[in-house]
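This report describes the fold, the surface and the charge pairing of one protein chain. The structure is shown first, and the description follows.

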Amino acid sequence: MKISENTSVSMPVKNMLMIIAGVVAGVFAYTELTSRLVSLETSRELFENDLLKKSEQVPVDQEQHFLLEDLYKSVEKMEKTQEMNMTNKVNIEFLNSQLEKALADIEELKDKVRENEKAY
């Protein structure tokens, strides 16, 4: 069998259209597949870049978190100390008033003792 430019092929039109449709479908599927692959690769690269940026910021964020935690603990300690100081202030004022009263009573008793000594 010799094949040349002038060799004719007899094929039903239906088969020819099916072959053309198959080729078109293959080309379309290939372009969609490559488009999807490019999209996935791009999103993966962006995701990795975001992770790298976040991993670079983590130590700073952790340090700030620790500082905030320490500040909250310090504030709580200061509040407790302030409450104790307020209680101490009330106690000191009460004791001062009691001491002044006791000193006044002692002076009164001394005066009475002196009067009794003069009377003898």
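## Charge pairing and overall form

Glu45 and Arg44 are joined by a salt bridge in which the closest N and O atoms are 3.5 Å apart. The model is a predicted one. Glu45 has a relative accessibility of 38% and therefore counts as partly exposed. Arg44 is also partly exposed, because its relative accessible area of 45% falls between the 20% limit for buried and the 50% limit for exposed.

How many salt bridges does the count come to? The count comes to four, under the rule of a side-chain nitrogen of Lys or Arg within 4 Å of a carboxyl oxygen of Asp or Glu. Side chains of opposite charge can pair when their charged atoms come close. Three of the pairs are set out below.

| Salt bridge | N to O distance | Relative accessibility |
|---|---|---|
| Glu45 and Arg44 | 3.5 Å | Glu45 38%, Arg44 45% |
| Lys110 and Glu107 | 3.9 Å | Lys110 39%, Glu107 41% |
| Asp111 and Arg114 | 3.3 Å | Asp111 36%, Arg114 43% |

The pair Lys110 and Glu107 lies in helix α1, and the two residues are three apart, so about one helical turn separates them. Lys110 is partly exposed at 39%, and Glu107 is partly exposed at 41%.

Asp111 and Arg114 are likewise in helix α1, with a spacing of three residues, about one turn of the helix. Asp111, at 36% relative accessibility, counts as partly exposed. Arg114 counts as partly exposed at 43%.

Over the whole protein chain, there are 15 positive and 22 negative charges, and their mean positions are 5 Å apart.

The secondary structure of the protein chain consists of one helix and zero strands. The radius of gyration is 50 Å, well over the 14 Å given by the globule rule for 120 residues, so the chain is more spread out than a compact globule. Along the principal axes, the C-alpha atoms fill a box of roughly 165 × 25 × 15 Å.

Helix α1 covers residues 13–119, and Met16 is placed in it. Ser74 also has its place in helix α1. From Ser74 to Lys110 there are 36 residues in sequence and 52 Å in space, C-alpha to C-alpha. Ser74 is partly exposed, with a relative accessible area of 27%; this value is not under the 20% that buried requires.

What share of the 120 residues is buried? Buried residues make up 0% of the protein chain. The accessible surface of the chain comes to about 11900 Å², and carbon and sulfur atoms account for 62% of that area.

One nonpolar patch on the surface has an area of about 960 Å². Val9, Met11, Val13, Met16, Leu17, Ile19, Ile20, Val23, Val24 and Val27 make up this patch. Met16, one of the residues in the patch, has a relative accessibility of 41% and so counts as partly exposed. That value also meets the requirement of over 30% relative accessible area for patch residues.

How values were computed:
Residues are numbered from 1 along each chain as its sequence is written. This is a predicted model: local features need pLDDT of at least 70, side-chain atom pairs count only at pLDDT 80 or more; totals for chains, interfaces and linings use all residues. Side-chain values use heavy atoms; hydrogens and water are left out. Helices (H or I, at least four residues) and strands (E, at least two) are DSSP runs, numbered from the N terminus. The radius of gyration is taken over C-alpha atoms; the globule rule is 2.2 Å times the number of residues to the power 0.38. Buried means under 20% relative accessible area, exposed over 50%, partly exposed in between (1.4 Å probe, protein chains only). Accessible areas come from the Shrake-Rupley method with a 1.4 Å probe; for residues, only the protein chains shown count as cover. Lys and Arg count as positive and Asp and Glu as negative; His and the chain ends are not counted. The place of a charge is taken as NZ of Lys, CZ of Arg, CG of Asp or CD of Glu. Patches are made of residues with over 30% relative accessible area and no salt bridge: like charges are joined within 9 Å, nonpolar side chains (Val, Leu, Ile, Met, Phe, Trp, Tyr) within 5 Å.
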